[in-house]
Amino acid sequence: MQTLLRFVTAGESHGQALVAWISGLPAGLPVDFDFVNGELHRRQLGYGRGGRQKIEKDKVTALAGVRHGQTIGAPIAVQIENRDWANWEKALPVEDTEGADDAQRKLTAPRPGHADLAAALKFNWHDARYALERASARETAARVAAGAFAKLLLREFGIEVLSHVVAVGKVKLERTASWKEVVAICANLDSPLRCVDAVVEAKMKSEVDAVLRGGDSVGGIFEVIAHGVPPGLGSHAQWDEKLDGRLAQAVLSIQAVKAVEIGGGVAGAGAYGSEVQDEIRYDNAQKRFVRPTNRAGGLEGGITNGEDVVVRGYLKPISTLRRPLETADLVSKASVKAAYERSDICVVPAAGVVGEAMVSLTLAAAFVEKFGGDSLAETRRHFEGFQKQLDAF
Ligand code: EPS
């Protein structure tokens, strides 16, 4: 479905820069660049990341759509410089200059699990370089920049979106995390894996160490929680308006995510109806319908129900391995070992920050659909009108 709030990204992992274009935000939204850059910084953290993060210091430059520190209702364009470009300019020149072929770092041993082979076949390249450049998770920096703008809008209306790490490999947090715990762990930038339980986090760290020693990689699960979401976002009326489906697509589109879960969706499939549905009560003080449990993850019928929206992303281990798997060469077709340059070992905390961005962009799109308004003041009037309607329900 075509939404008013849209975003796209451009940029390759070792190109000049990443770019994000965001359209559809109301005018008059204050833009806190420290917040946007803080989000980019959070994405660069996490135990088990590779050497690239020592090179990059992600920061946005606004190219369009922001004047005097606020949105002006025009499309926003932001750029994040790739510091590593300096080391790649010769290998990946924009123009096909003389001698460029010699410097080209061709990659003909596709990594199983990466886009290398599928994209080489699709575009008829006998070199996986272009494919990996764009398929690389470096692109997610641009998503986080776009997501930060979505977060800025949501925050104006009391909605906060954060994430924590539920599992790294076989080490799993076996209980639910409260919103308060998630807020605290996100505020602690020194936390190695953003897990709310220090004992479990220590075990996760050991898991990353063991995987590093073995030349392997490890996946895991992150959980994104959106707190303060009003009821009524998304719609049951049409398949592509259902917000759970839209969130699933947004989170599944993140590099290495192979499954998405809303609330207790996976466990629910093996339980009885009476164990899964969340009972409804009316809280007279708050003048709101509430639920003592939130197994639905804040969504019923594809519509937010006023509880926290809870979305989990399941990541496979990343596909670049220091001890590579067998593959077939794109040119000779001979059996060879897959390519290895340098890589991360565990990206679950970083993927969680990307998950926050994707959930925020999806919620912000649904928010703009419901409340509309060309200026923030107009959006606020519509929002407050709906709050009055809820109070009088
Ligand atoms: C990635 C490979 C690595 C990661 C990269 C994702 O980059 P490089 O090949 O430069 O070492 O670090 O992630 C990022 C650069 C990032 O900022 O997240 C890949 O192949 O997907």
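Visitor: How do the residues of the shell around the ligand divide into nonpolar, polar and charged?

Guide: Bear in mind that this is a predicted model. The shell splits into one nonpolar, four polar and seven charged residues.

Visitor: Which residues surround the ligand?

Guide: Going along the sequence, you meet His14, Arg43, Arg49, Arg52, Gln53, Arg111, His114, Ser136, Ala137, Arg138, Arg342 and Asp344.

Visitor: And where do I look for polar contacts from side chains to the ligand's oxygen atoms?

Guide: Look for N or O pairs within 3.5 Å. Try Arg342, where a side-chain N or O atom sits 2.5 Å from a ligand oxygen. For His14 the corresponding distance is 2.7 Å, and for Arg52 it is 2.8 Å.

Visitor: How much of the ligand does the protein bury?

Guide: On its own the ligand would expose 460 Å², and the protein buries 91% of that.

Visitor: Which pocket does the ligand take up?

Guide: The largest pocket: that's the space the ligand fills.

Visitor: Let's move on to salt bridges. What's the general idea?

Guide: Side chains of opposite charge can pair when their charged atoms come close. Here the cut-off is 4 Å between a side-chain nitrogen of Lys or Arg and a carboxyl oxygen of Asp or Glu. Counted that way, the model has 25 salt bridges.

Visitor: With which residue does Arg52 form a salt bridge?

Guide: With Asp84, and the closest N and O atoms are 3.5 Å apart. Arg52 belongs to helix 2 (residues 52-55), while Asp84 is in the loop between strand 6 (76-81) and helix 3 (100-103), so the pair ties together parts 32 residues apart in sequence. Arg52 is also one of the residues surrounding the ligand.

Definitions and conventions:
Residues numbered from 1 in each chain as written. Predicted model: local features only at pLDDT ≥ 70, side-chain atom pairs only at ≥ 80, totals over all residues. Heavy atoms only, no water. Near = heavy atom within 4 Å. Polar contact = N/O pair within 3.5 Å; in protein donor to acceptor, adjacent residues only side chain to side chain. Areas by Shrake-Rupley, 256 points an atom, 1.4 Å probe, with all protein chains shown as cover. 1 Å grid on protein atoms, 1.4 Å probe; cavity = no way out; pocket = protein on both sides within 12 Å on 5 of 7 lines; lining within 4 Å. Sits in = over half its atoms within 2 Å of the grid points. Nonpolar A, V, L, I, M, F, W, Y, C, P; charged D, E, K, R; others polar. Helix = DSSP H or I, 4+ residues; strand = E, 2+ residues; numbered from the N terminus.
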